[in-house]
Amino acid sequence: MLTIRDIHKTFNAGTVNEVRALQGVSLHVPEGGFVVVLGGNGSGKSTLQNAVAGSFFVDGGSIQIAGEDVTRWPEHRRARLIGRVFQNPFSGTAPTMSIAENFALATRRGRRRRIRWAISRSVRDELRERVRGLRMGLEDRLDSAIGSLSGGQRQALTLLMATWLKPALLLLDEHTAALDPKSAEQVIRLTGEIVGGLGLTTVMVTHSMQQAVNLGDRVVMMHKGRIAYSFSGAEKQRLRVDDLLGRFEELRRREMLDESTAALLRESYV
Amino acid sequence: MTLMLGALTIGLILSLLAMGIFISFRVFEIADITVDGSITLGAALCAVLLVRGVNPALAMAASFLAGTVAGTITGVLQARFKINPLLSGILVMTALYSVNLHIMGRSNIPLLTAENVTTWADRWSQALLGVADVNVFGWMVAGRDLGILALVLGIVTMVGVALYGFLRTEVGTAMRAAGDNPQMIRALGVDVESYRILGLALSNGLVAWSGALLAQYQGFADAQMGIGMVVWGLASVIIGESLTGSRSLGLAIYGAIAGSVLFRLLVAMALRWGLNPNDLKIVTALFVFGALVLPTWVGTWRRNRTIAETAKP
């Protein structure tokens, strides 16, 4: 369960580069809910996710995950509750370390790490089974450096790592945007299987409207640091890509109107 | 032969330094110049304690701990105060110069009369071999020198195995990941900054231990002995990588040790063939420069050649 209450974030406050990235966002995702966050560049969708993950502290508002107020928790502490997959396939794994070692790290997510062998036999056996489930033939390459794998393979492994210990919240940050169409499709299918299978509470950021239509039980559309539209329930089920395009067009027109009005005002009064 | 034996022993002693540098340079990709100060710190503290009659093993343990403190300070400057890694190292190294002079009370402490590990090695080899000189492949070698070599080899093996084991524990793998991909390991719940501090502490602990052994072997501790040691360690690590490759962790650690020994042997030969000892540091620096730059050049040259060949009709 995730509850976000009226969070604000301004980067470079008080300088010419000031960016008001989040301007009062509230969002509630119930236990087992799957929200897809959609938006253009600079809409604040990734900032929202980073705020939840704890990459920075918000200026105002509060964030609750699984009943705990994590607003002032540093990122590494929130990791106990959050499984995360990044946009860049290179971000989610340690490239010079083996597949097995990467998973050994993931099996201790948010837990105390001790002076004992990282890779135990039981972890290894379980790992082989779960990796076999990916049907990528990686179960026989557990000792290869993960950096030698393709982006799609790494992203699939990252997804498996993030959900090895069932997270209270799964964050997917445009996790297929950097992949070729075939790998993207594979990773999306895997995402559906894992999220559905474990009943994970999930927030997925994407700019693919097709994904937004196909996945999740709620779509949230962000614009200029605010939630512009939200579709859930039957409305979400009926949603088509064309509907979303229409809404985007609407936002764009409204914005152009704002700009032309501003230009008019400037011409008349400045 | 005595010369070679000496080079081998010093090479092994400095391989503790190389393993320390391996942690900071290869795990965290920091050129940590703190080691120039912490190797002297280890030597100075050990020398002072030995002169006061402290057990050599305890004196070396104290040196190791002092080194970890120095590394911790560098780590805290980087992690908590967000000071550039290189600058953090320079600050601590500079401060250590004064600290070392205070510890020693003067700039040089001779150890010739104090009981230390070389006297132990002397005694053991006498007891074991019963004679002062031993015939090794036709050369007469002092049993004492062999004893010291065996002792140092034992310590280095032990440290190498322990380091390898540690880097494969839960804490050790997290530390390697903290250097390899901080973003990823933070998302898995690791406080990257703390691990960086831990790594630098461990690294400088090994370096200080190396200094303690070096002081005992050469029979004195000197305030200037740390100058250029970081470059020395980098050279060893780089040579080691070209010997063993860096694919596997065990080979990389073994490589650091072998690189240190090989480099010392090369230097001993160069000095024997008439290299001016004053030129040693510049040669070392040039060597590291070459080792850092050549792989890129060779890579570019190869790529260009492949492109040129494929472009041919």
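Chain A has a radius of gyration of 20 Å, and because a compact globule of 270 residues would come out near 18 Å, the two agree. Keep in mind that this is a predicted model. Along its principal axes, the C-alpha trace of chain A spans about 75 × 40 × 35 Å.

Now the make-up of the chain. Chain A holds 9 helices and 10 strands. Of its 270 residues, 42% are buried. As for the contacts in chain A between residues at least 6 apart in sequence, 69% of them join residues at least 24 apart.

Next, the interface. On the chain A side, 25 residues are in contact with 19 residues of chain B. Two elements of chain A, α2 (75–78) and α3 (99–106), each give two or more residues to that side. The largest share is from α3(A), with 4 residues. By class, the side of chain A that touches chain B is made of 10 nonpolar, 9 charged and 6 polar residues.

That brings me to α3(A). Is this helix mostly covered or mostly open? It is mostly covered, with 8 of its 8 residues buried. Nonpolar side chains are not the whole list: Glu101(A) and Asn102(A) are buried in α3(A), and so are Ile99(A), Phe103(A) and Leu105(A), along with Ala100(A), Ala104(A) and Ala106(A).

What do the buried residues of α3(A) pack against? Within chain A, the partners are α4 (121–132) and α5 (151–162). From chain B, they are α7 (170–180) and α8 (182–187). To put the helix together: α3(A) gives 4 residues to the side that touches chain B, and its buried residues pack against helices of both chains.

Notes:
Residues numbered from 1 in each chain as written. Chains lettered and ligands numbered in written order. Predicted model: local features only at pLDDT ≥ 70, side-chain atom pairs only at ≥ 80, totals over all residues. Rg over C-alpha atoms; globule rule 2.2 N^0.38 Å. Buried ≥ 20, exposed ≤ 12 C-beta atoms within 10 Å, placed from the backbone. Contact = placed C-beta atoms within 7 Å.
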